[in-house]
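Here is a short note to read beside the coordinates. Please go through the points with the structure open.

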Amino acid sequence: MKLAFATTAPESTRADALVVFAAPAATKGGAPRLLVADALPGAAVSHIEEALTALQANGKADEVRTLTSVPKIDAPLVVVTGVGRVPSGEQPTRESVRRAAGAAARTLGGRESAAVVLPVGAPEYAAAIASGLVLGAYRFDEHRGEKARAAATAPLASATVVTGRKTRAADGGKLSTDDLARAVAEAEVVARHQCWARDLVNTAPNELYPQSFAELVQKMAGKGVKVEVMDEKALRAGGFGGLISVGQGSARPPRLVTMTYAPRRAAASLAYVGKGITFDSGGLSLKPPASMMTMKSDMGGAAAVAAAVLAVAELGLPVAVTGYLCLAENMPSGTATRPGDVITQRGGLTVEVLNTDAEGRLVLGDGIAFAAEAKPDAIIDIATLTGAQIVALGKRTAAVLANDDALQGALTQAAADGGESVWPLPIAEEIRGHIDSTVADLKNIGETGTAGTLAAAAFLREFASPTGDDESGRTQPWGHIDIAGPSFNEGGPWGYTGKGATGFGVGTLVEFARGYTADRT
């Protein structure tokens, strides 16, 4: 989608549709309240409010109404998209605006252009609109036949965020059009890369496997991002026992992809580690057939890392970011890892593999230990790791855990800034004992039915500092994001989220890098 910002009067903007945000009325039975209604002519506002009342619209989230022949409006269509309840005297949240913009974009499939009226005079709201539009317009048709593609409704092609003549800055000051334009452009970069992460996850596992994933990353990497790929021979020689163990049952061997963005005078160095199980059968601890149908999505963490590194590089953020994509296909065969096998991971820790379907933590362990060798300022891993995360937090909220309270708080804030729902969880002291093995340093599962998300995080924490604190007494700061639920939407579309891959995590990782830099410059 092509995005732009303009100060053109909304009523005279040349577009196929004019999009306006609305919130429920302050009093029961009233017409939805148009946001920044003073940007539009009075006759247009009155007509829209009367039409919405007749349609029994109320401005709730995901409600979209399309009106025609609105007086004083040049656009043939006026689309009113609801943001949901806004407390009296307050502004809508950025996320509610992002979702409403996405819902409007989904409704406008088949249209060439739209003009979207800025509801709050602030760059972060312009960014929310831009992000919602790009994500809402997303389509994945790569596996459809030529005739089906030709017959499909095309997504909205272009959109312009516009302000009215009377639009004021949210703080009452002067509205900076340069800041608004910059916010739209930067949001487009992040959302575009998030759509690429969606593409990766939506791609069928017979087409996306460790080697092809690595090749796609090499192809996408632009100026400033160096990509290195370790094949199975290099992994075995390097002591990456987790990746080798998980991948040895497949005819398609594992890969470790390292993506390096290292600008001059970087304010900090970050390591992002992504779980990239391109298909998870469970290995010899075989999953039930129904549980395998969405297991092409088990590489959502690696997709998020790859997209985030590319977005950070394109934005030119002054922070060094290295992405580690831990790629393997978990299959059962005569060469597959057996329950009871003991492996040695990167860094020297030994692991008793009691369940081959708890494979994600094995590949991540290698990636985290490898990342720790460079002693970055922080390591963040992201993974579709545990079903327990879905039990605890549902399908739209990720879990955030860490060995550092400040880091956990920063990740939580980054998710809020990136429009992604997360909730911090502890790694309780007693959980560490759940992963003690009688024959090895660790075992790869905790107690059945007890604190699965916490036990998995406790396991990963061991690899951030494989030999304990370093000579200076420093413990490697490490954070973990479990996206098992929100990485893939099996239900109906909502807001800017369609069915299938969501690209969850890209926004959080980019905003974490941005915030981490801001704190040190």
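The points below cover cavities, aromatic pairs, charges over rings, a small set of strands and some backbone angles.

1. **Status of the model.** This is a predicted model. Please read every point with that in mind.

2. **Cavities overall.** How many cavities of 30 Å³ or more does a search of the whole structure find? There are two. The largest has a volume of about 80 Å³. The second largest holds about 40 Å³ of space.

3. **Lining of the largest cavity.** The residues that line this cavity include Ser245, Val246 and Gly249. Asn330, Met331, Ala336 and Thr337 are also among them. Val353, Thr356, Glu359 and Leu362 belong to the lining too. By class, the largest cavity has five nonpolar, five polar and one charged residues around it.

4. **Lining of the second largest cavity.** Here the lining is made by Ala197, Val201, Gly300, Ala303, Ala304, Ile483, Ser487, Gly503 and Phe504. Two elements give two or more residues each: helix 5 (177-202) and helix 10 (300-315). Helix 10 supplies the largest share, three residues. The class count for the second largest cavity is six nonpolar, three polar and no charged residues.

5. **Aromatic pairs: Phe240 and Phe370.** The structure holds five aromatic pairs. In one of them, the ring centres of Phe240 and Phe370 are 5.2 Å apart. Their planes meet at 80°, so this pair is edge-to-face. The contact links distant parts of the chain, with the two positions 130 residues apart in numbering. Phe240 sits in the loop between helix 7 (232-237) and helix 8 (241-247), while Phe370 belongs to helix 11 (residues 360-372). Phe240 is buried, at 1% relative accessibility. Ring pairs also bring in Tyr324, giving a cluster of Phe240, Tyr324 and Phe370.

6. **Aromatic pairs: Phe459 and Phe463.** Is this pair local or distant in the chain? Both residues lie in helix 14 (residues 452-464), four residues apart, or about one turn of the helix. The ring centres of Phe459 and Phe463 are 5.2 Å apart. The planes stand at 50°, so the pair is tilted. Phe459 is buried, with a relative accessible area of 0%. Phe463 is buried as well, at 0% relative accessibility.

7. **Charges over rings.** Two arginines deserve a look. Arg252 lies over the face of Tyr209, at 4.2 Å from the ring centre. Arg396 lies over the face of Trp494, at 3.7 Å from the ring centre.

8. **A three-stranded sheet.** Three strands form an open sheet in the order 12-13-17, with mixed pairing. Strand 12 (341-344) and strand 17 (442-443) are the edges, and each pairs on one side only. Strand 12 and strand 13 (residues 350-353) are antiparallel, with four bridges. Strand 13 and strand 17 run parallel, joined by two bridges.

9. **Partners across the sheet.** Which residue in strand 13 stands opposite Thr344? The residue is Thr350. Ile343 has Val351 as its bridge partner in strand 13. On the strand 17 side, Val351 stands opposite Leu442.

10. **Faces of strand 13.** In a regular strand the side chains alternate between the two faces of the sheet. Both faces of strand 13 are covered. Thr350 and Glu352 are buried on one side, and Val351 and Val353 are buried on the other. Val353 also takes part in the lining of the largest cavity.

11. **Positive phi values.** Most residues other than glycine have a negative phi. Gln56 is not a glycine, yet its phi is positive, about 60°. Gln56 lies in the loop between helix 1 (42-54) and strand 4 (64-68). Gln56 counts as exposed, at 70% relative accessibility. Ser69 also has a positive phi, near 55°. Its loop runs between strand 4 and strand 5 (77-82). Ser69 is exposed too, at 63% relative accessibility.

12. **The hairpin turn.** The hairpin of strand 12 and strand 13 has five residues between the strands. Within this hairpin, Gly347 takes a positive phi near 100°.

Methods
Residues numbered from 1 in each chain as written. Heavy atoms only, no water. 1 Å grid on protein atoms, 1.4 Å probe; cavity = no way out; pocket = protein on both sides within 12 Å on 5 of 7 lines; lining within 4 Å. Points joined across faces, edges and corners; volume = space filled by probe spheres on them. Nonpolar A, V, L, I, M, F, W, Y, C, P; charged D, E, K, R; others polar. Phe/Tyr/Trp six-rings, centres within 6.5 Å; stacked < 30°, edge-to-face > 60°. Buried < 20%, exposed > 50% of the residue type's maximum accessible area, 1.4 Å probe, protein only. Lys NZ or Arg CZ within 6 Å of the ring centre and 35° of its normal. Pairing = 2+ DSSP bridges.
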